[in-house]
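Q: Please take a close look at one strand of this model. Describe its partners, how it is covered, and the parts of the fold that surround it.

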Amino acid sequence: MKTFISWNVNGVRAAERKGFLSWLEGCGAQIVAIQETKVSDHSVLSSALLEPDNYVSFWHGASEKKGYSGVACFVKKNFLPKKIKTDFGKSSLLSKEGRVIELEYDDFVFLNIYFPNGGASDERLDFKLRFYGEFLNYIKKLKKPVIFCGDVNTAHGEIDLARPKENVNNSGFMLIEREWLDKLSTAGFTDTFRHFYPKKLEQYTWWDQKTRARDRNVGWRIDYFYASKDLENKLGGAFILSDVLGSDHCPVGLEIDL
C-alpha cells in the first residue's frame, strides 16, 4: 500500500520554520505534494528543503510573479517517476503561474496542482474556469490511470463547508465552479475522501486565519485527491490531517495499492 499526501503550505520557507521537514521525515508517504510554495527562484531554498533525507524534490515556480503560487513534490528515493513534466505548451494555461507538476510512472500518472483562486476579480474567476476546463480535457486524454491532488479552491457540496448558504455567491462555492466538480465525476474521476466518507460532516481542509476560524472549525474542504475510476478497486483509504498545523490548510492523504 502506498501513501500520498497533499498540502497547501502557504509558503514553503515559512513552513520550514514551523517544522515542515520534521513532519516530512515522519509522515511515511511515498509522495508529498505541496502547493503555494511562493518560490520562483529555488536557489534561495535551503539544502535541507532541496535535498531532504530519503526524498528527491521536484519544483515548479511562477516565472510571471515572484513569491506567488508554485508547487513541489517530495518523492521517496525508491519510488521515483520515469518522467517529470511542468511544460504543457506555451499556449497552455497549465504551463502558467507554476501550478502543475506531473509525475509519470509505468502504470499511472500523478499530478500535483494548485488550482487558481477566483475571488480577486471577474478576470481571475474567468482564468480559474478556463484552467479547470483545460485541465479536465488534458487528463481525459491521458492513456494511463490518473491520480491528481491539490488545492482545488472550490468546495463541492454543502457538506464540504461550514457556512454554505452564506457563501453561495462567493468564489469557491459558486454554482459555476461546483459544476466543474460535477463534470469531473461524470468523466470518471472519484473524490477519494467522499468515496470512503460520503456523509461525514465537519471535514475541512482550509480555515480563514483572520477570523481564527480553525479554533471553531468553521472551514472549507477544498483540498482533494481524485483518482480515475479504473483505480477505484485499488483505493485503500483517505484521510484529512486536521491536527497538523503550520498553514491555513491542513494535509490530506490517500492510501492506494499500486
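**Strand E4 and its surroundings**

A: Strands E2 and E4 run antiparallel and are joined by 5 bridges. Strands (E, at least two residues) and helices (H or I, at least four) are DSSP runs numbered from the N terminus, and two strands pair if DSSP finds at least two bridges between them. The model is a predicted one, in which local features need pLDDT of at least 70, side-chain atom pairs count only at pLDDT 80 or more, and totals for chains, interfaces and linings use all residues. Residues are numbered from 1 along each chain as its sequence is written, and side-chain values use heavy atoms, with hydrogens and water left out.

Within the E2 pairing, Ile 31 has Val 75 of E4 as its bridge partner. E4 also pairs with E3, again antiparallel, over 6 bridges; here Phe 58 stands opposite Cys 73.

Of the 6 residues of E4, 6 are buried, where buried means under 20% relative accessible area, exposed means over 50%, and partly exposed lies in between (1.4 Å probe, protein chains only). Val 71, Cys 73 and Val 75 lie on one side of the strand, and Ala 72, Phe 74 and Lys 76 on the other, so both faces are covered.

E4 belongs to an open sheet of 6 strands with mixed pairing, in the order E3-E4-E2-E1-E14-E13. The edges are E3 and strand E13 (235-240), each with a single partner strand, so each has one side without a neighbour in the sheet. Direction ignored, neighbouring strands of this sheet are turned by 15 degrees against each other on average; axes are lines fitted to C-alpha atoms, for helices over the stretch in contact, and angles run from 0 to 180 degrees between N-to-C directions. Beyond E2 in that order, E1 and E2 pair in the parallel sense over 5 bridges, with Ser 6 opposite Ala 33 in E2.

The strand also contributes to a core. A nonpolar core is a set of buried Ala, Val, Leu, Ile, Met, Phe, Trp, Tyr and Cys residues joined through side-chain atoms within 4.5 Å. The largest one has 31 residues, of which Phe 4, Ile 31, Val 75, Leu 103, Phe 110, Ile 147 and Phe 225 touch the most other members. Elements giving two or more residues to this core include E2, E4, strand E6 (100-104), E7 and strand E8 (146-151). Ile 31, leaving aside neighbours within four places in sequence, is in contact with Thr 3, Phe 4, Ile 5, Phe 74, Val 75, Phe 79, Leu 103, Tyr 105 and Phe 110; contact means heavy atoms within 4.5 Å. Another core, of 24 residues, lies apart from it, with Leu 93, Val 100, Phe 135 and Ile 139 among its members. In soluble globular proteins, nonpolar side chains tend to be buried together.

Helix H2 (residues 20-27) is another neighbour of E4. Its buried residues are Phe 20, Trp 23, Leu 24 and Cys 27. They cover an arc of only 100 degrees around the axis, taken from the directions to the C-beta atoms, which puts them on the same side of H2. The face turned away from that side carries the exposed residues Ser 22, Glu 25 and Gly 26. The buried residues pack against strand E4 (71-76), and also against strand E1 (2-8), helix H1 (12-17), strand E2 (31-35), helix H3 (47-50) and strand E3 (55-60). Gly 28 follows H2 and has a positive phi, near 80 degrees.

Trp 23 also takes part in one of the 26 aromatic pairs of the structure. Rings of Phe, Tyr and Trp (its six-membered ring) pair if their centres lie within 6.5 Å; planes under 30 degrees apart count as stacked, over 60 as edge-to-face, and the rest as tilted. Trp 7 and Trp 23 are edge-to-face, 5.0 Å centre to centre with 70 degrees between the planes. Trp 7 lies in E1 and Trp 23 in H2, so the pair ties together parts 16 residues apart in sequence. Both Trp 7 and Trp 23 are buried.

A second open sheet, also of 6 strands with mixed pairing, has the order E5-E6-E7-E8-E12-E9. Strand E5 (83-85) and strand E9 (189-191) are its edges, each with a single partner strand. Its twist averages 20 degrees from one strand to the next.
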